[in-house]
Amino acid sequence: MTTNLAKKIEGLDRWTPVEEVILARRSTRAFKKEPLPDFMIRRILEAGRFAPSAGNSQPWRFAVVKSPEILEQMEKDAVRICKRLMFVLDYTRSRFRKIFLKPVSKFFIRLQKNELHPVPFGLLKEIAEERAPVFHAAPTLILLLEDRRSVSSPQTNIGICGQNMVLAAHSMGAATCWIGLIKLLMYDPKWKKFFNVKYPYQLNNCLALGWPRVESDGWVQREVQLVEWYEGGMQDPPRIERQGE
Ligand SMILES: Cc1cc2nc3c(=O)[nH]c(=O)nc-3n(C[C@H](O)[C@H](O)[C@H](O)COP(=O)(O)O)c2cc1C
């Protein structure tokens, strides 16, 4: 190894500050009422603006919601929409529904499988019964809108951009939670109009942002990944390494 490269890896027996943020970050669902100061929100937006994107298309638009009135209305409406959705979809409520509604619900869930996979379906039930909030009473939301004309996958571009913001926020001691369930609001044309969600834009996701009200649990175990390492020739099988053990 050249002296230059050897110098670069000096000290890498410890986590870098960026790695520490990545490893310790957890979703927060309990925020202080007081929002982050605007300069911090702007810095978080900067982290998103500087994200890489396919073809450098930067296919995003951001909206910051701080107004308590609007936030309250968003929460109320998301719960209302969720109740309606579950009224139609929740076939577990009675024997009659189990027999007659189950096939219809299953079909609808299958059509929307990324949105209504069993995990969010359970959460939707809790929200409809007002046992779980949608936006966790966060004092600020950042809406992430994707430009559908983007090069390659808009979903990937927005994911990278949003996670840049998340990591920037956590590096400043702030807390975040992705709120994919914001899409509930898109069932109501009122909110599409309110946030000017029309072609080429569509609402992709949302970040709840603020000061954490409770200490996060920090590092947790994640699934061990079986990673294939291709290091030999074309005829050689990959070496499987158990990443995370
Ligand atoms: C794209 C995306 C959407 C998410 N949507 C929600 C959501 O609507 N509500 C919520 O409470 N958490 C949401 N989460 C948070 C996940 O539940 C959380 O990241 C996961 O359980 C792992 O926990 P951790 O973030 O604490 O590591 C979302 C996460 C991602 C990446």
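## Ground rules

Two residues are in contact here if their C-beta atoms, placed from the backbone, lie within 7 Å. Helices (H or I, at least four residues) and strands (E, at least two) are DSSP runs, numbered from the N terminus.

Keep in mind that this is a predicted model: local features need pLDDT of at least 70, side-chain atom pairs count only at pLDDT 80 or more, and totals for chains, interfaces and linings use all residues. Residue numbers start from 1 along each chain as its sequence is written.

## Helix H9 and its cover

H9 covers residues 154–171, and its 18 residues should span 26 Å at 1.5 Å a residue (times one less than the number of residues). The end C-alpha atoms are 26 Å apart, so that agrees.

Among the buried residues of H9 are Pro-154, Ile-158, Cys-161, Met-165 and His-170 (buried means 20 or more other C-beta atoms within 10 Å of a residue's own, again placed from the backbone). Helices H2 (17–24) and H3 (38–49) help cover the buried residues of H9, and so do strands S1 (60–65), S2 (140–147), S3 (175–178) and S4. After H9 comes Gly-173, with a positive phi near 85°.

## Cys-206 in strand S4

S4 runs over residues 201–210 and holds Cys-206. Cys-206 counts as buried because it has 26 C-beta neighbours inside 10 Å.

Leaving out residues up to four places away in sequence, Cys-206 touches Leu-141, Ile-142, Leu-143, Leu-144, Ile-179 and Ile-182. Take Ile-182: it sits 24 residues from Cys-206 along the chain, yet their C-alpha atoms are separated by 6.5 Å.

Terms used
A residue is buried if 20 or more other C-beta atoms lie within 10 Å of its own, exposed if 12 or fewer, and partly exposed in between; C-beta atoms are placed from the backbone.
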